[in-house]
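Colleague: I'm new to this one and would like a close look at a single part of it. Could you take your time and walk me through what you see?

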Amino acid sequence: MTSRLVIMGPQGAGKGTQAQRLAERLDVPAISTGDIFRANIKGGTELGVLAQSYTAKGDLVPDEVTNAMVRDRLAQADAAGGFILDGYPRNAAQVVELDEILTGLGAALDRVVELTADRSELLARLRQRAETEGREDDTAEAIARRLDIYAEQTAPLTSAYAERGLLVRVDGIGTIDEVTARVVAAITAAV
């Protein structure tokens, strides 16, 4: 069985950690737009410079850049048997783009996992991440802005995926192992 999953949730909900754990368990790549942007920023590439001009202000990288990157990544051989998308789609236009990408590949999503957590917990986690990882995009202002953007643009996508029967919601609060167990149980029960 292939596993084509999207993992959603506000910044700090644990998407990256859970995507990596699921990827190992399901033997598919975890594809994080954030990781790709950070690698390009660190490498000083043209895309990285452009991405940094947005992320340093707490803004999101424009759709056309992100869509092209995701289209290219999902066409790579290691994603043919499945993938876990982390950080994409983040708005309604990207949902449409992802549907088109998958149709072109003769594929469809199996499940969308939404990790949930309250804002105060997210803010505490993100402050901790900024301190331990030294991420310049985790300033208090940038964090608050990204959480607001998620609430405005991305959270409503869960309704669309719920209407398609693809959405499972998972409590993102607890130990990493506890959350992983909940995610696995949710996607297994939903199959």
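Colleague: Let me start with one residue: is Asp 78 buried, partly exposed or exposed? And once that is settled, please take me through the salt bridges and the helices around them.

Modeller: Happy to. Keep in mind as we go that this is a predicted model. Asp 78 is partly exposed, because its relative accessibility is 43% and that class runs between 20% and 50%. Asp 78 has a partner, too: it forms a salt bridge with Arg 73, and the closest N and O atoms of the two are 2.7 Å apart. Arg 73 falls in another class, since its relative accessibility of 15% counts as buried.

As for the wider picture, side chains of opposite charge can pair when their charged atoms come close. A search through the whole structure turns up 9 salt bridges. Let me show you two others from that set.

One of them joins the side chains of Arg 71 and Glu 97, with 2.4 Å from N to O. This pair ties together distant parts of the chain: Arg 71 sits in helix H4 (residues 63-74) and Glu 97 in helix H5 (residues 92-105), 26 residues apart. Glu 97 is the buried partner, at 17% relative accessible area, while Arg 71, at 37%, is partly exposed. If you set aside the neighbours within four places in sequence, Arg 71 is in contact with Glu 97 and Ile 101. You can also look from Arg 71 across to Gly 104: they are 33 residues apart along the chain, yet their C-alpha atoms are separated by 9.8 Å.

The other one is between the side chains of Arg 119 and Asp 148, at 3.2 Å from N to O. Again distant parts of the chain are linked, with Arg 119 in helix H6 (residues 119-133) and Asp 148 in helix H7 (residues 140-154), 29 residues apart. Here both ends are partly exposed: Arg 119 has a relative accessibility of 37%, and Asp 148 has 35%.

Now back to H4, the helix that holds Arg 71, and on to a helix it touches. Two packed helices are described by the angle between their axes and the distance between the axes. For H2 and H4, the axes come within 11 Å and cross at roughly 105°. That makes H2 and H4 roughly perpendicular to each other, because angles of 65 to 115 degrees fall in that class. On the H2 side the contact is made by Thr 33, Ile 36 and Phe 37, and on the H4 side by Thr 66, Met 69 and Val 70. Sorted by class, this contact has 4 nonpolar residues, 2 polar ones and no charged ones.

H2 itself (residues 33-43) deserves a look as well. Its buried residues are Thr 33, Gly 34, Phe 37 and Asn 40. These four cover an arc of only 130° around the axis, so they lie on the same side of H2. In general, an α-helix has 3.6 residues a turn, so residues three or four places apart point the same way. Turn to the other side of H2 and you find Ala 39, Lys 42 and Gly 43 exposed. What covers the buried residues of H2 includes strand S2 (30-32), helix H3 (46-55), H4 and strand S3 (82-86). After H2 comes Gly 44, which has a positive phi, near 70°.

Terms used. Residues are numbered from 1 along each chain as its sequence is written. This is a predicted model: local features need pLDDT of at least 70, side-chain atom pairs count only at pLDDT 80 or more; totals for chains, interfaces and linings use all residues. Side-chain values use heavy atoms; hydrogens and water are left out. A salt bridge is a side-chain nitrogen of Lys or Arg within 4 Å of a carboxyl oxygen of Asp or Glu. Helices (H or I, at least four residues) and strands (E, at least two) are DSSP runs, numbered from the N terminus. Buried means under 20% relative accessible area, exposed over 50%, partly exposed in between (1.4 Å probe, protein chains only). The arc is that of the directions from the helix axis to the C-beta atoms. Contact means heavy atoms within 4.5 Å. Axes are lines fitted to C-alpha atoms, for helices over the stretch in contact, and angles run from 0 to 180 degrees between N-to-C directions. Angles under 35 degrees count as roughly parallel, over 145 as roughly antiparallel, 65 to 115 as roughly perpendicular and the rest as oblique. Ala, Val, Leu, Ile, Met, Phe, Trp, Tyr, Cys and Pro count as nonpolar, Asp, Glu, Lys and Arg as charged, and the others, Gly among them, as polar.
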